[in-house]
Amino acid sequence: MTTLLISDLHLHAGQPDIAHGFLNYLETEARHADTLYLLGDIFEAWIGDDYLGDLERQVIDALKRLSDAGTQIYFMHGNRDFLVGNAFAEAAGATLLDDPSLVTLGNQRVLLMHGDSLCTGDEEYMKFRAMARDPEWQAKILAMPVDQRLELAKSLRLQSSDANTQKADAIMDVTPAEVEVAMRAHGVTTLIHGHTHRPAVHDFELDGQSARRIVLGDWQPGSGWEIRVEDDAEPQLREFAI
């Protein structure tokens, strides 16, 4: 039994190397996996299931081939692709996954999250997150013409980039106390997430027990990150060439 978890590819037409690496990954490594978890920010921007460019179609087709070959695919929303909907999931042969979600990996229960909800020190972003996850706000955005949504996505990306250059690194990382709250609430000692682009394995003590937080890395031209779980073995964080 092989399970793979990835996140933060930020796929867009301006980074063909990453897109090519991901499509190849779906045809090779993922073909040998029983389950593939996509933990958010797979796309740099998603303005609705009704708009598909060439790249989006290629990804959907590749995911559907993987699903048809027998790999279960789960998709969790990130802060860039929170408008991915049921039409995408059906076309890609994927199942939408709540954030957070409790799953069994190997012989243990593990909490999966995208990770942005843990960054409570970034108050400005948390306000945006609350708005962006509001069904009424999403419906209003999806009702806009495609060209307006494309401009809005571009504007939001620029605002985010500008804002992040002014923030201290610690503000954009997870809040340790929030990590503990989430893990206690779900009764787990292992948490897996992405979002922060700070791949690492953090071992710590939680209420007298050994606990672990595993952070996925973001994909770059030439390299990707995954967490691999083989049978009942411990999850392994791995960087690899694409």
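Start your tour by selecting S160: with a relative accessibility of 25%, this serine counts as partly exposed. You are looking at a predicted model, so take your time and turn it as you go. Show the helix around your selection, and you will see that S160 sits in α6, which runs over residues 146–165.

**Stop two: the annotated site**

Keep S160 selected and add N79, R80, D122, N164, K167 and H195. Together with S160, these residues carry the "binding site" annotation in an unreviewed UniProt entry.

Now centre on R80, in the loop that links β3 (72–76) to α3 (86–92). Which residues does R80 touch, leaving aside those up to four places away in sequence? Display H10, D41, F43, E44, A45, W46, R157 and S160, and you have its contacts. Your starting residue, S160, is among them.

**Stop three: two histidines**

Follow one of those contacts to H10, in the loop between β1 (2–6) and α1 (16–27). Is H10 buried or exposed? Its relative accessible area is 12%, so H10 is buried. Check its backbone too: phi is near 50 degrees, a positive value in a residue that is not glycine.

Next, go back to H195 from the annotated set. This histidine lies in the loop between β7 (190–193) and β8 (200–206). H195 also has a positive phi, about 80 degrees, without being a glycine. At 16% relative accessibility, H195 counts as buried. Most residues other than glycine have a negative phi, and most peptide bonds are trans.

**Stop four: a cis bond**

With that in mind, select D99 and P100. The peptide bond joining D99 and P100 is cis, with omega at about 5 degrees. You will find P100 in the loop between β4 (94–97) and β5 (101–105).

**Last stop: the whole protein**

Zoom out and colour by secondary structure: seven helices and 11 strands come into view. The radius of gyration is 17 Å, close to the 18 Å that the globule rule gives for 242 residues, so the protein is as compact as a globular protein of that length. Along its principal axes, the C-alpha trace spans about 55 × 45 × 30 Å.

How many of the 242 residues count as buried? The share is 48%. Turn on the surface, and about 11600 Å² is exposed, with carbon and sulfur atoms supplying 48% of that area.

Finally, colour by charge: there are 20 positive and 40 negative side chains, and the centres of the two sets lie 2 Å apart.

Methods
Residues numbered from 1 in each chain as written. Predicted model: local features only at pLDDT ≥ 70, side-chain atom pairs only at ≥ 80, totals over all residues. Heavy atoms only, no water. UniProt positions renumbered as here; feature names shortened; annotations may be inferred. Helix = DSSP H or I, 4+ residues; strand = E, 2+ residues; numbered from the N terminus. Contact = heavy atoms within 4.5 Å. Buried < 20%, exposed > 50% of the residue type's maximum accessible area, 1.4 Å probe, protein only. Rg over C-alpha atoms; globule rule 2.2 N^0.38 Å. Areas by Shrake-Rupley, 256 points an atom, 1.4 Å probe, with all protein chains shown as cover. Lys, Arg positive; Asp, Glu negative; His and termini not counted. Charge placed at Lys NZ, Arg CZ, Asp CG, Glu CD.
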